[in-house]
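Dear colleague,

Please find below the structure that I agreed to pass on to you. My findings follow it.

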Amino acid sequence: MSQTPRLLLIAPQQLQRTPAFERTEQLALAMQLPVHIVALDHLQALTLAGLFESREAEQLQAAYLEQHGQWLELQAQGMRERGLSVTCEARWASQPYQEIQLFANEMPLALIIKDAHAESAMRRIFYTPLDWQLLRDCALPVHLVTEARHPRPRRVLAIIDVLRSEVQDLQFNDQIIDAAVKLAEQCDAELDLLHVYDWVAVYAKDAGVGALSLASGLYEALGEAQRDVYRAVAERHGVPPQRSHFIEGMPLQQICRFAEEHQSDVIVMGTTQHRGLHKRLGSTAEHLLLQAPCSIWAVKPPRDPLP
């Protein structure tokens, strides 16, 4: 199999051309990369039927996969006619995330693309939907598409966090910006860079200092320090001042407001693994999945080197 990185499109179980198809086609044309489309099918009714009539259930599964595979081939052929290299398949998968991991081991992947599906808060408490698993645990970049108003993005918004100053955090910011810059260049899109100074988080971290110190300008000093760090990052990556934005407030609200006002097509931001209660509650990226007015492009930190 070719070692050229591919875009992996996770198709929905329904036989319909979704926004992720349109986005994948345009990204493949812009990036000059081949595409592999896979449908990860699983019908609980057929699984239960297998407990009683295994042969009939297997026949039904095979017929279902064949129908879906034929439909995918029609979509792939249309993309080939536009000059793309496209392969496709339908697989029966009761555990789709594990199946995606197999793809990551079988072929070099540049990006995983999937339509975003909102889940209720109650459902997230008891299990992790595939979108959330990809954001939290997948080591590859993930693009969750909410709509394709502009199949080829016209406005890219990169989000960084300079609250912490560890070396790995600063390197991760560079990685996020580099990914956003590359995407904007490939799509001939405009790029905005944004950092939201979360004074609430600073207050929680420094609550023990006391109200007197807070009133004396501690937060203003911390805010200016963050602004200086942010300016240095933006200048190092050549982001012009009119495209560089430092805002104070609650990150989730401010990011959504900015993206809507500036008609962003894609938000590029970093996500990391979470454990324990924080994993249940989710990160800013995961909450953005439910509220952002545009698609999410999740950049992952580099894996720790083996000892």
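A search of the whole structure finds 0 disulfides, a disulfide being a pair of cysteine sulfur atoms within 2.5 Å. The model is a predicted one: local features need pLDDT of at least 70 and side-chain atom pairs count only at pLDDT 80 or more, whereas totals for chains, interfaces and linings use all residues. Residues are numbered from 1 along each chain as its sequence is written, and side-chain values use heavy atoms, with hydrogens and water left out.

Cysteines

Why does Cys294 form no bond with the closest cysteine sulfur? That sulfur belongs to Cys256 and lies 8.3 Å from the sulfur of Cys294, which is too far for a bond. Cys294 is buried, as its relative accessible area is 1%. Here buried means under 20% relative accessible area, exposed over 50%, and partly exposed in between (1.4 Å probe, protein chains only). Cys187 is also counted as buried, because its relative accessibility is 5%. Cys256 is one of the buried residues of helix α10 (residues 251–261), together with Pro251, Gln254, Ile255, Phe258 and Ala259.

Overall composition

The secondary structure comes to 12 helices and 10 strands. Helices (H or I, at least four residues) and strands (E, at least two) are DSSP runs, numbered from the N terminus. Of the 307 residues in the protein, 45% are buried. Among contacts between residues at least 6 apart in sequence, 81% join residues at least 24 apart; contact means heavy atoms within 4.5 Å.

Helices α1 and α3

Helix α1 (residues 19–31) has 13 residues, which should span 18 Å at 1.5 Å a residue, and its end C-alpha atoms are indeed 18 Å apart. The expected span of a helix is 1.5 Å times one less than its number of residues. Helix α3 (residues 54–80) has 27 residues and reaches 38 Å from its first C-alpha to its last, close to the 39 Å expected.

α1 is mostly covered, with 10 of its 13 residues buried. These are Ala20, Phe21, Arg23, Thr24, Glu25, Gln26, Leu27, Ala28, Ala30 and Met31. In α3, the buried residues include Leu65, His68, Trp71, Leu72, Gln75 and Met79.

The two helices pack at an angle of about 35 degrees, with their axes 11 Å apart. Axes are lines fitted to C-alpha atoms, for helices over the stretch in contact, and angles run from 0 to 180 degrees between N-to-C directions. The crossing of α1 and α3 is right-handed: a crossing is left-handed if the near helix is turned anticlockwise from the far one by less than a right angle, and right-handed if clockwise. Phe21, Thr24 and Glu25 in α1 meet Trp71, Leu72, Gln75 and Met79 in α3. By class, this contact has 4 nonpolar, 2 polar and 1 charged residues. Ala, Val, Leu, Ile, Met, Phe, Trp, Tyr, Cys and Pro count as nonpolar, Asp, Glu, Lys and Arg as charged, and the others, Gly among them, as polar.

Arg17 and Asp115

Arg17 is placed in the loop between β1 (6–11) and α1, and is partly exposed, with a relative accessible area of 30%. Not counting residues up to four places away in sequence, Arg17 touches Glu22, Glu25, Trp71, Gln75, Met79 and Arg82. Arg17 and Gln75 are 58 residues apart in sequence, while their C-alpha atoms are 8.0 Å apart in space.

Asp115 lies in strand β4 (residues 109–115) and counts as buried, at 6% relative accessibility. Leaving aside neighbours within four places in sequence, Asp115 is in contact with Pro12, Thr18, Pro19, Ala20, Asp131 and Val145. The C-alpha atoms of Asp115 and Ile10 are separated by 7.8 Å, although these residues are 105 apart along the chain.

Positive phi values

Which residue follows α1 with a positive phi? This is Gln32, whose phi is about 55 degrees although Gln32 is not a glycine. Gln32 is found in the loop between α1 and β2 (35–41) and counts as exposed, at 64% relative accessibility. Gln263, just after α10, likewise takes a positive phi of about 55 degrees. Gln263 is placed in the loop between α10 and β9 (266–270).

With kind regards
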